[in-house]
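Open the model in your viewer and set it to a cartoon view. The stops below say what to select and what is there.

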Amino acid sequence: MTLAAPLKALCDATIFTGDAFVEGHAVLVTDGLVTDIVSSMKVPAHAQKTSYQNKILAPGLIDCQVNGGRNVLFNNTPTAEACIAIALAHLSYGTTRILPTCISDGYEATQRAVIASREARLTYGGILGIHIEGPHLGHDRRGIHKLEYMRHCSEQDLKLYQSEANEIMLITLAPEIVPVDTVKQLCRQGAIVSLGHTSADPSQIEAALDAGATGFTHLYNGMGSLSARSPGPAGSALDDRNSWCSLIADGFHVHESMIRLCLRAKPPGKIFLVSDAMPPSASDAPHAFTLYGEKIRYESGCCVNREGILAGSAI
């Protein structure tokens with residue numbers, strides 16, 4: 001006979017539901033899952049009560065683009081141990097689930113990152129899968145990504161991107177580099193395809209969305225500018241009603257007026273924040289690090305290379 005998991009009640013806190021702050025209520029938890037929020041007067045008598053007076057309870061954050069944390073970079077250390085260390089660093093700041101992100105690299109390095117994320121998922125529930133950002137990106141919009149790793153999506157790559165059960169396999173690619181049939185194949189394999197680091201025209205963007213792509217990676221960044229006769233990928237993203245857009249709101253990547261613009265343009269819920277966190281993130285003693293053998297400076301809260309190009313965030 002299997003005993004039912006005990007009911008726990010988290011009491012006396014201010015509860016943030018995601019939409020509002022609520023007083024005089026309790027959060028009910030069974031087997032690690034929130035089952036309800038009820039009035040403090042209606043907490044079941046058999047519940048195990050814990051007081052969180054003068055505390056705020058909020059849902060854990062989910063971050064779909066985490067390159068590193070606590071001075072560890074996933075690309076430089078593609079192991080399960082590093083994956084979990086990065087996740088635990090961000091956990092201390094309220095992020096309970098992450099997609100460790102592998103930046104454009106060679107096939108073998110990307111393969112090691114995929115294996116590492118899968119091994120990490122076996123022992124730590126905070127790892128949801130993996131985000132592979134590149135190397136199938138537009139050369140002129142690659143940003144900090146290294147040109148020598150830019151390539152088309154091969155059969156070998158496709159096999160690597162085969163999603164396993166309950167695994168989120170998020171692939172950021174440029175539709176001018178990856179043909180429609182390949183986008184369709186990735187989606188059939190269970191991958192989530194997001195468009196980014198691209199100069200694709202509206203027809204290429206539309207074709208990729210029709211093929212199964214469902215989102216855009218870090219809106220505005222790596223997409224060029226919007227203009228009257230050429231909306232660019234960012235303009236196409238804002239115009240499309242069904243797709244999701246991630247956004248880096250660290251105070252450096254996107255101007256606040258552009259954040260307000262995308263929130264007005266997209267339907268509610270279609271914009272979500274990502275950190276694009278690099279090693280200085282979630283660290284008590286952030287410092288410089290190397291990417292592709294190049295020193296990346298940590299200055300005034302942001303990460304830049306010697307040319308001053310943004311290299312992820314430190315949020």
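The tour starts with the whole chain and then moves through single elements and residues.

**The whole chain**

Keep everything displayed for the first stop. This is a predicted model. The protein chain contains seven helices and 21 strands. Its C-alpha trace spans about 60 × 45 × 40 Å along the principal axes. The radius of gyration is 21 Å, which agrees with the value near 20 Å for a compact globule of 315 residues.

Switch on the surface. The accessible surface of the protein chain comes to about 15,600 Å², and carbon and sulfur atoms hold 54% of that area. Of the 315 residues, 48% count as buried. Among contacts with a separation of 6 or more, 64% are between residues 24 or more positions apart.

**Helix α2**

Hide the surface and select residues 107-123, which form helix α2. The helix has 17 residues, and the distance from its first C-alpha to its last is 25 Å, close to the 24 Å expected at 1.5 Å a residue.

Now show the side chains of α2. Which residues of this helix are buried? They are Tyr107, Ala109, Thr110, Ala113, Val114, Ala116, Ser117, Arg118 and Ala120. To see what surrounds them, colour α1 (80-91), β11 (95-103), β12 (129-133), α3 (155-160) and β13 (168-173), since the buried residues of α2 pack against these elements.

**The cysteines**

Select the cysteines next. How many disulfides does a search of the whole structure find? It finds zero. Take Cys102 as a case: the closest cysteine sulfur is that of Cys83, and the two sulfurs are 10 Å apart, too far for a bond. A disulfide would need the pair of sulfur atoms within 2.5 Å. Cys102 is buried, with a relative accessible area of 2%. Cys11 is also buried, at 10%.

**Ser194 on β14**

Go to residues 192-195, strand β14, and pick Ser194. Is Ser194 buried or exposed? At 6% relative accessibility, Ser194 counts as buried. Its side chain reaches the backbone nitrogen of Phe216 at 3.3 Å. Beyond its neighbours within four places in sequence, Ser194 is in contact with Leu170, Ile171, Thr172 and Leu173, and also with Gly215, Phe216 and Thr217.

**Strand β16: Ser246 and Trp244**

Keep Phe216 displayed and add residues 244-248, strand β16, where Ser246 is found. Ser246 is buried, with a relative accessible area of 3%. What does the side chain of Ser246 reach? It reaches the backbone nitrogen of His218, at 2.6 Å. Leaving aside neighbours within four places in sequence, the contacts of Ser246 are Phe216, Thr217, His218, Leu219, Phe272 and Val274.

Trp244 lies in this strand too. Trp244 is partly exposed, because its relative accessible area is 39%. With neighbours within four places in sequence again set aside, Trp244 is in contact with Thr214, Gly215, Phe216, Gly269, Lys270 and Phe272. Draw a distance from the C-alpha of Trp244 to that of Ile271: the two residues are 27 residues apart along the chain, yet these atoms are separated by 5.9 Å.

Phe216 is therefore a useful residue to leave labelled: it is among the contacts of Ser194, of Ser246 and of Trp244.

**Backbone details**

The last stops concern the backbone, so show main-chain atoms. Most residues other than glycine have a negative phi, and most peptide bonds are trans.

Select Gly134 and Pro135. A cis peptide bond joins them, with omega about 20°. Pro135 is found in the loop between β12 and α3, two of the elements that the buried residues of α2 pack against.

Move to Asp31, in the loop between β4 (25-30) and β5 (33-39). Asp31 is not a glycine, but its phi is positive, at about 55°. Asp31 counts as exposed, at 65% relative accessibility.

Finish at Asn71, in the loop between β9 (68-69) and β10 (72-73). Asn71 also has a positive phi, near 65°. Asn71 is partly exposed, with a relative accessible area of 26%.

Conventions. Residues are numbered from 1 along each chain as its sequence is written. This is a predicted model: local features need pLDDT of at least 70, side-chain atom pairs count only at pLDDT 80 or more; totals for chains, interfaces and linings use all residues. Side-chain values use heavy atoms; hydrogens and water are left out. Helices (H or I, at least four residues) and strands (E, at least two) are DSSP runs, numbered from the N terminus. The expected span of a helix is 1.5 Å times one less than its number of residues. Buried means under 20% relative accessible area, exposed over 50%, partly exposed in between (1.4 Å probe, protein chains only). Contact means heavy atoms within 4.5 Å. A polar contact is a pair of N or O atoms within 3.5 Å; within protein, one must be able to donate a hydrogen and the other to accept it, and residues adjacent in sequence count only if both atoms are side-chain atoms. The radius of gyration is taken over C-alpha atoms; the globule rule is 2.2 Å times the number of residues to the power 0.38. Accessible areas come from the Shrake-Rupley method with a 1.4 Å probe; for residues, only the protein chains shown count as cover.
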